[in-house]
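Me: I have a structure open and I am new to it. Could you take me through how its features are read, one at a time?

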Amino acid sequence: MTDGSDDRRRIVDVLRDASAVTLFTHVRPDADTMGSALALAVALDRNGVDVEVGVPGALPVPDALTRLPGAKMVVPSDQIAGHRVAVALDCASVGRLEDLQDVFTRAETRVVIDHHASNTGFGDLDLVDAEADCTAELVLAVLDDLDAEIDADVATCLYAGLVTDTGSFRWARPGSHAIAARLLAAGVDGPAWTRTLLDTHRFGWLAMVADALRSAVLVPEAFGGNGLVYACVDHTWRDAIGWDEAESVIDLVRTIGDADVAVVFKESDPGTWTVSMRSRSATDLVPIARAHGGGGHPHAAGFGFTGAVEDVVAAFSAA
Ligand SMILES: [Mn+2]
């Protein structure tokens with residue numbers, strides 16, 4: 001983790017001088033990585049900068065995120081030019097860039113803007129602040145330093161990251177409420193975007209949730225008696241209703257007060273798992289995530305795993 005102010009100043013200088021910039025979201029993009037990238041994309045594009053946004057992986061971008069302002073600047077990952085200045089948004093490690101890792105790495109100036117506690121910095125310039133509720137807040141600070149206008153489009157992208165990463169402001173820090181007020185005053189339709197980003201599912205989502213909740217297991221003795229609850233979503237649901245619909249299952253499982261740790265094992269392809277973890281208070285999840293090549297925050301982290309469902313559960317239980 002860096003203090004940030006020096007690197008932030010240098011990042012602002014780099015972005016002010018750049019004629020072309022490639023922005024990167026993390027794989028399986030959420031609203032914070034996408035909103036952060038698009039806010040920066042809209043502001044830079046307006047300043048005449050040649051901007052492209054790369055989304056790693058072959059999976060489709062969630063429908064709601066394709067409606068954010070500036071989404072037309074997303075370029076299919078096999079068509080990314082790779083400009084001299086590269087900025088990774090909300091990526092805890094270079095591995096989160098998956099197939100776009102090389103494009104990022106070969107850029108002349110690599111910039112990392114992120115708020116994950118596990119991020120040790122992998123750019124030439126790292127603005128990493130685990131105190132920030134979302135990466136979008138850090139992008140707002142950069143845009144302010146650039147004297148960029150925070151109009152309704154830019155504000156909407158930033159708000160998308162803010163409202164989702166704070167769980168609709170449930171765990172927002174005081175400063176994040178002040179930022180929200182500023183973004184709403186700039187013209188964001190808060191209720192509409194909250195509904196679009198957090199409260200909208202396909203009908204098939206209900207059956208997937210029913211299936212996932214039926215698979216739930218409570219292990220009271222886990223984590224020194226603090227307890228674990230976990231559930232699985234198998235790969236058949238990806239084709240039925242899309243990978244992103246499984247992201248919300250953890251928000252149901254983590255409400256179980258019998259366990260400090262909640263985990264959802266999501267199978268993206270047969271035998272390929274994404275493990276989402278949440279802890280209510282006692283357990284720091286970062287060491288577990290890091291031990292499996294993942295990362296995150298103390299109370300929200302994740303990692304990837306390849307193998308059978310019994311193996312992924314066993315590997316997790318061993319940690
Ligand atoms: Mn984030």
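Reply: Let us start with the naming of elements, since helices (at least four residues) and strands (at least two) are DSSP runs that are numbered from the N terminus. With that in hand, leucine 97 can be placed in the loop between β4 (85-89) and α4 (101-105). Please keep in mind throughout that this is a predicted model.

Me: How many helices and strands are there in the protein chain?

Reply: The protein chain holds 13 helices and 12 strands, and aspartate 7, for instance, has its place in helix α1, which covers residues 5-17.

Me: What does the radius of gyration say about the protein chain?

Reply: The idea is to set the value beside the one expected for a compact globule, which for 319 residues would be near 20 Å; the protein chain has 19 Å, so the two agree. The extent can also be given along the principal axes, where the C-alpha atoms of the protein chain fill a box of roughly 55 × 40 × 35 Å.

Me: Is leucine 97 buried or exposed?

Reply: A residue counts as buried when its relative accessible area is under 20%. Leucine 97 has a relative accessible area of 0% and is therefore buried. Aspartate 7, with 13%, is also under the cut-off and so is buried. Across the protein chain, buried residues make up 53% of the 319 residues.

Me: Which residues are in contact with leucine 97, leaving aside its neighbours within four places in sequence?

Reply: Contact is a matter of heavy atoms lying within 4.5 Å. With those sequence neighbours left aside, leucine 97 is in contact with Phe24, Thr25, Pro56, Ala88, Cys91, Phe104 and Phe122. Separation in sequence and distance in space can be read side by side, for leucine 97 and histidine 26 are 71 residues apart in sequence, yet their C-alpha atoms are 5.5 Å apart. For aspartate 7, again without neighbours within four places, the contacts are Leu125 and Asp126. In the protein chain as a whole, of the contacts between residues at least 6 apart in sequence, 64% join residues at least 24 apart.

Me: Where does UniProt place the feature "domain: DDH"?

Reply: The UniProt record, an unreviewed entry, places this feature at residues 21-161. Over that stretch the chain is 33% helix and 18% strand, while the C-alpha atoms at its two ends are 21 Å apart.

Me: How many positive and negative side chains does the protein chain have?

Reply: There are 24 positive and 48 negative side chains in the protein chain, and the centres of these two sets lie 2 Å apart.

Technical notes. Residues numbered from 1 in each chain as written. Predicted model: local features only at pLDDT ≥ 70, side-chain atom pairs only at ≥ 80, totals over all residues. Heavy atoms only, no water. Rg over C-alpha atoms; globule rule 2.2 N^0.38 Å. Buried < 20%, exposed > 50% of the residue type's maximum accessible area, 1.4 Å probe, protein only. Lys, Arg positive; Asp, Glu negative; His and termini not counted. Charge placed at Lys NZ, Arg CZ, Asp CG, Glu CD. UniProt positions renumbered as here; feature names shortened; annotations may be inferred.
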